[in-house]
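Q: Hey, got a minute to go through this structure with me? I'd like to start with the empty space inside.

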Amino acid sequence: MLPAPGEVEEPAGRPLGTAVVGGGFMAAVHSRAARSARSRLVGALTSTPEGSRRAAAALGLERAYSSLEELLADDAVDVVHVCTPNALHAEQVLAAVAAGKHVVCEKPLATGPDEAARVVDAAASAGVVVAVPFVYRFHPMVREARARVRSGEVGRVLTVAGSYLQDWMLSPEDDDWRVDPARGGPSRAFADIGSHLVDLLETVTGDRVASLAATLSTVHPHRARHRDVATEDAAAVVVRTAGGAVGTLLVSQVAPGRKNRLHLEVAGSAESLAFDQEDPERLWVGRRAGSRLLPRDADQLSPDAARLCVVPAGHPQGYQDAFDAFVADVHTAVRGGRPEALPLAADGARAVVLTAAVLDSARTGAWVDVPAPHQEVRDDR
């Protein structure tokens, strides 16, 4: 079994060097996680030299770069964290891979399936790690749910029901670069948070969405800086899985009072499981008789879930802990290890393909078959 995040023994030699491209909220999350993984925080790059200097100072990185070329030429950089607007992701990842760097790229990996497939192929050809932070996989109770499905305790999966609800775009005065398809891509709510929901579904069940029917809603056709909004505020999706389960998914960025409520319930022939990201310390285990709440207590969990328990039961873990565990496992992979359920480029491409299917179904009003992954994900998903 792999050691717990933060307990990896560093091999002889220098620590891995990290550079961060971007300077916003996610850049701060990534840099904290890299620091937790004992990385050397080498440098920062944003869209301007002054912005790069501010980001380096704010995030505690050693230096500021003036260009991506300068960053990629720095031999001190082993891992590049891409935290820029969506439309830049594929281009920047491909450049980093061509330079022999490992990459952590914010989702979406690309704004279209063809671009995403090129990234998967390039990473495989170069022999580098390209990881996508589907970090909700790294909550211990998600791993516990996954282990219960894999062990057969849940029985045959019959139905799934999930939602990812936020309210940060509730008002027409709320605005963001993601609203603009030229920067954020053709999908907003589903690409941004629906991708997490489907990844959680497929990770926990070990099954894949095979077909879907979707409808989208743009609640505000005009926002503060965007007069003609073309991307969705909400999406509702009905799914069928390859294994025969059916389910419903609801995604919204206009749900009052919901800040980051990612919820998944899986009903099997023997028991049901429910995980709520805003209450991540417990897993609901539903049975016809004797339902219970299972606490995050390493002594009661599967080995993979227990590995991710970095503090004792009763001491809450949260989002940053999950992100830290993800980056720690990225470092393990860079050093040649095989962490379980690490989301790689193929997983990022899978999310892009699913988003395209949602857009296609909403446009045509028909059920859409979801293509198989461009490169099949490892068996340890």
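Q: Which elements each supply at least two residues of the lining of the second largest cavity?
A: That would be α6 (140-151), α8, β11 and β12. Keep in mind that this is a predicted model.

Q: And which of them gives the largest share of that lining?
A: β12 does, with 3 residues.

Q: Can you tell me which residues line the second largest cavity?
A: Sure: V142, A145, L200, V204, L264, V266, L273, A274, F275 and L283.

Q: How much space lies in there?
A: About 60 Å³ for the second largest cavity. The count of cavities of 30 Å³ or more comes to 4.

Q: L283 is in that lining, so to speak. What does L283 touch?
A: Leaving out residues up to four places away in sequence, L283 touches M141, E144, A145, R148, L273, A274, F275, R292, L293 and L294. Among these contacts of L283, A145, L273, A274 and F275 also line the second largest cavity.

Q: How many residues are in the largest nonpolar core, and which have the most contacts inside it?
A: The largest nonpolar core has 43 residues. Those with the most contacts inside it are L200, V204, V209, L212, V237 and L283. Helix α8 (residues 189-205) gives the most to this core, namely 8 residues.

Q: Back to β11. Is strand β11 largely enclosed or open, and why?
A: Largely enclosed by the rest of the structure, because 7 of the 8 residues of β11 (residues 261-268) are buried.

Q: Which strands does β11 pair with?
A: On one hand there's β7 (residues 157-165), which pairs with β11 in the antiparallel sense over 8 bridges. V160 stands opposite V266 of β11 in that pairing. Then β12 (residues 272-276) runs antiparallel to β11, and 5 bridges join them. V266 turns up again here, opposite L273 in β12.

Q: How many residues sit between β11 and β12?
A: There are 3, and the two strands form a hairpin.

Q: Switching to cysteines. How many disulfides are there?
A: The count comes to 0. Take C83, which is in no disulfide: the nearest cysteine sulfur belongs to C105, and that is 8.3 Å away.

Q: Is C83 buried or exposed? And C309?
A: C83 counts as buried because its relative accessibility is 12%. C309 has 14% relative accessibility, so that one counts as buried too.

Q: Okay, backbone oddities. Which peptide bond is cis?
A: The one from K107 to P108, with omega near 0°. P108 is placed in the loop between β5 (102-105) and α5 (113-126). In general, most peptide bonds are trans, and most residues other than glycine have a negative phi.

Q: Speaking of phi, where is R38, and what is its phi?
A: R38 is in the loop between α1 (25-36) and β2 (40-45). Its phi is near 70°, a positive value in a residue other than glycine. R38 counts as partly exposed because its relative accessibility is 41%.

Q: What about A341: what is its phi, and where is it?
A: Phi of A341 is near 60°, again positive in a residue other than glycine. You'll find A341 in the loop between α10 (319-334) and α11 (345-364).

Q: Is A341 buried or exposed?
A: Buried, because A341 has 1% relative accessibility.

How values were computed: Residues numbered from 1 in each chain as written. Predicted model: local features only at pLDDT ≥ 70, side-chain atom pairs only at ≥ 80, totals over all residues. Heavy atoms only, no water. Helix = DSSP H or I, 4+ residues; strand = E, 2+ residues; numbered from the N terminus. Buried < 20%, exposed > 50% of the residue type's maximum accessible area, 1.4 Å probe, protein only. Pairing = 2+ DSSP bridges. Core = buried A, V, L, I, M, F, W, Y, C linked by side-chain atoms within 4.5 Å. Contact = heavy atoms within 4.5 Å. Disulfide = S-S within 2.5 Å. 1 Å grid on protein atoms, 1.4 Å probe; cavity = no way out; pocket = protein on both sides within 12 Å on 5 of 7 lines; lining within 4 Å. Points joined across faces, edges and corners; volume = space filled by probe spheres on them.
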